[in-house]
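Here are a few friendly notes to read alongside the structure. Take them one at a time and look up each residue as you go.

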Amino acid sequence: MTITITAFERSPDGGKGLARDTRVRWALEEVGQPYEVRLVSFRALKEPAHLALHPFGQIPTYEEGELALFETGAIVFHLAQRYPGLLPEDANARARAITWMFAALNTIEPPILELVTARIFEADKPWAKDRMPLVVERVRARLKQLSDRLGTADWLDGAFSAGDLMMVSVLLRLRPSGILDEFPSLAAYVARGEARPAYKRAFEAQLAVNG
Ligand code: GTB
């Protein structure tokens, strides 16, 4: 059955791979599933046809026969459950890998998004200068904890998993801020993710659209 995802017709990042279709492309590449991409304009995101797929009018979405999904966490989890390659066989190791997916989305991504919002969309607000150090400190605190847990390991819990795919994807959003480089082990962790052939294919595919 054909898998179709949606992505920006033209991502505002100009091909840096920061829009969230990249993590879904990456998961599809890791599990070796071919896919098609339907490109959507910002206007079309808010039109009924797309809202029927995604109630919040965003990308990416995922269609496979009768199944339509939104939310990258749900999409990557679906792929990881359906196809081998992203979750361990052992039940406990699998549960821990899923825990890391949730940690990426629920614990690490929120302060990073707060920082992105502060840097890009609120930089001209009168309170921006006072608030920025607080926002940056919240990110640093989480990165320190994550870095402590990763230690000298390559991946968060044994072999590469959907948990790492999601964590690396979330951390990549920090790169323009420079904060990631304050944590060399996390910067190296992200670089390991980017070096995976599946990531490279996903990155190139989005670059072909947005570059
Ligand atoms: N929780 C949802 C998920 O994980 O799927 C969030 C989806 C989401 O935020 N989608 C964004 C979107 O469609 C694109 S990824 N936004 C349009 C809208 O809401 O109207 C966020 C994003 C956008 C642009 C860049 N960039 O240019 O650097 C990076 C990330």
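A residue counts as near a molecule if one of its heavy atoms lies within 4 Å of that molecule. Please keep in mind that this is a predicted model.

1. Start with the ligand's surroundings. There are 15 residues around the ligand, and Arg20, Lys46, Ile59, Glu71 and Thr72 come nearest. By type, this shell divides into six nonpolar, four polar and five charged residues.

2. Next, look at where the ligand sits: it is in the largest pocket.

3. Which atoms of the ligand pair up with Arg20, Ile59 and Glu71? For Arg20, an N or O atom of the side chain is 2.8 Å from an oxygen atom of the ligand. With Ile59, a polar backbone atom is 2.8 Å from a ligand nitrogen atom. With Glu71, a polar side-chain atom lies 2.8 Å from a nitrogen atom of the ligand. The ligand taken alone exposes 680 Å², and the protein buries 79% of that.

4. Ile59 deserves a second look. The peptide bond that leads from Ile59 to Pro60 is cis, with omega near -5°. Pro60 itself lies in the loop between helix 3 (48–51) and strand 3 (61–64).

5. Now return to Glu71, which belongs to the loop between strand 4 (67–70) and helix 4 (72–82). Glu71 is not a glycine, yet it has a positive phi of about 75°. Is Glu71 buried, partly exposed or exposed? Its relative accessible area is 41%, so Glu71 is partly exposed, since that class lies between the buried cut-off of under 20% and the exposed cut-off of over 50%.

Methods
Residues numbered from 1 in each chain as written. Predicted model: local features only at pLDDT ≥ 70, side-chain atom pairs only at ≥ 80, totals over all residues. Heavy atoms only, no water. Polar contact = N/O pair within 3.5 Å; in protein donor to acceptor, adjacent residues only side chain to side chain. Areas by Shrake-Rupley, 256 points an atom, 1.4 Å probe, with all protein chains shown as cover. 1 Å grid on protein atoms, 1.4 Å probe; cavity = no way out; pocket = protein on both sides within 12 Å on 5 of 7 lines; lining within 4 Å. Sits in = over half its atoms within 2 Å of the grid points. Nonpolar A, V, L, I, M, F, W, Y, C, P; charged D, E, K, R; others polar. Helix = DSSP H or I, 4+ residues; strand = E, 2+ residues; numbered from the N terminus. Buried < 20%, exposed > 50% of the residue type's maximum accessible area, 1.4 Å probe, protein only.
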